[in-house]
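Visitor: I would like to go through the charged side chains here, pair by pair. Please keep the reasoning explicit.

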Amino acid sequence: MSYRINNTTIDFFEINEDITLRRVVLRNPRPKGTVLFLHGFPETLSAWKDIAEALADDYEVHAFDWPGYGLSSRPMVDRFSYAPKDYAHVLDQYIVKAGIDTSRLTIYATDIGALPALLLAVEKPDIARTIIVGDFAPFNRPQFMSEKLQNLKAGPAMEQVRANMNSNRDEILENIFTRGLPKEAQFEVSQQFRDDMSRGWSHGAMTTVDAFSHYYSHFTRDQDHFESQLARLKTPVKVVWGEKDLYIKKEMGIELAARIDAELALLPGIGHYPHLQDPKRTVDEIRASLRGTST
């Protein structure tokens, strides 16, 4: 199924026999470049709606639901492990099959989307002109992660955390984006976005939390692999981090930027979801990366 609204195409894009992604593409007849957005937990491609529309006057914009999220496929784990390395492979296949010119591509990846983008860049340095990442865990540093995220990694508490999260869908969708922020920093996300996450929470026997849990069960392995391969990372990277991130502390972003000699933007008063809390800043970062300058 595919449909268009003005210059926007929403369709289902087959990656392989196990994976079909729901995606959105905003096309421009003379784009100055291409932007690909990669969402986090518990988001869907709808997280990028306003930002994508703000950029579409100048750029071609892509976003998709990761496997296990939104309306994308949810194969059983014997077919697809939901590990960061598997997501990196999906990202690679998407870029190739969508015919994206990587020399003019900026990838903006947050949360679970960021490690796959960097794992791919280690293997394919020319996968993008620039990658902007933030608010994720590139290295195995449990001290910089919330207790719940620590416990989601493979271990005795993993299944209990997963069960608790599955039983608290409504609370998660209501509060996850602003949890820990002071009153003056609270913000609203659109009802359309909330509805999209709610509709996409469960397909068949797998929920968004299940996919998230499978991802985390392989997380330490893939973090360790990435850290061991840092010297191979040649793609230009910028790190953007919410200074008030409750889930993954800013020290993680500070270390990443220092280790790969990347520019770091610490956003004061911003939590784990900068693109939702301060979308204008995200738009500015993207435009700057495509101009080859910094904000």
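Guide: One definition comes before the pairs: buried means under 20% relative accessible area, exposed means over 50%, and partly exposed lies in between. The model is predicted.

Visitor: Is Lys49 buried, partly exposed or exposed?

Guide: The relative accessible area of Lys49 is 33%. Buried requires a value under 20% and exposed a value over 50%, with the remaining class in between. Lys49 is therefore partly exposed.

Visitor: Which residue meets Lys49 in a salt bridge?

Guide: The partner lies in helix H1, as Lys49 does, 4 residues apart from it, about one turn of the helix. At 44% relative accessibility the partner, Glu53, counts as partly exposed. The N to O distance in this salt bridge is 3.1 Å, and the residue that meets Lys49 is Glu53.

Visitor: How many residues apart are Lys238 and Glu285?

Guide: The side chains of Lys238 and Glu285 meet in a salt bridge, 2.7 Å from N to O. The pair links distant parts of the chain, with Lys238 in strand E10 (residues 237-242) and Glu285 in helix H12 (residues 279-291). Both residues are buried. In sequence, Lys238 and Glu285 are 47 residues apart.

Visitor: With which residue does Arg22 form a salt bridge?

Guide: Arg22 is in strand E3 (residues 20-26), and its partner is in helix H7 (residues 191-199), 174 residues apart, so the pair links distant parts of the chain. Arg22 is buried, with a relative accessible area of 8%, and the partner, Asp196, is buried at 5%. The closest N and O atoms are 2.7 Å apart, and the residue paired with Arg22 is Asp196.

Visitor: Which residues are linked with Arg22 and Asp196 in a network of salt bridges?

Guide: Side chains of opposite charge can pair when their charged atoms come close. Here a network of salt bridges links Arg22 and Asp196 with Asp65 and Arg199.

Visitor: How many salt bridges does a search of the whole structure find?

Guide: Among them are Arg22 with Asp196, Glu53 with Lys49, and Lys238 with Glu285. A search of the whole structure finds 27.

Visitor: Which side chain does a polar contact join to that of Asp58?

Guide: Asp58 is placed in the loop between helix H1 (49-55) and strand E5 (60-64). Leaving out residues up to four places away in sequence, Asp58 touches Asn28, Arg30, Pro31, Lys32, Gly33 and Arg287. The polar contact of 2.6 Å joins the side chain of Asp58 to that of Arg287.

Notes. Residues numbered from 1 in each chain as written. Predicted model: local features only at pLDDT ≥ 70, side-chain atom pairs only at ≥ 80, totals over all residues. Heavy atoms only, no water. Helix = DSSP H or I, 4+ residues; strand = E, 2+ residues; numbered from the N terminus. Polar contact = N/O pair within 3.5 Å; in protein donor to acceptor, adjacent residues only side chain to side chain. Contact = heavy atoms within 4.5 Å. Salt bridge = Lys/Arg side-chain N within 4 Å of Asp/Glu carboxyl O. Buried < 20%, exposed > 50% of the residue type's maximum accessible area, 1.4 Å probe, protein only.
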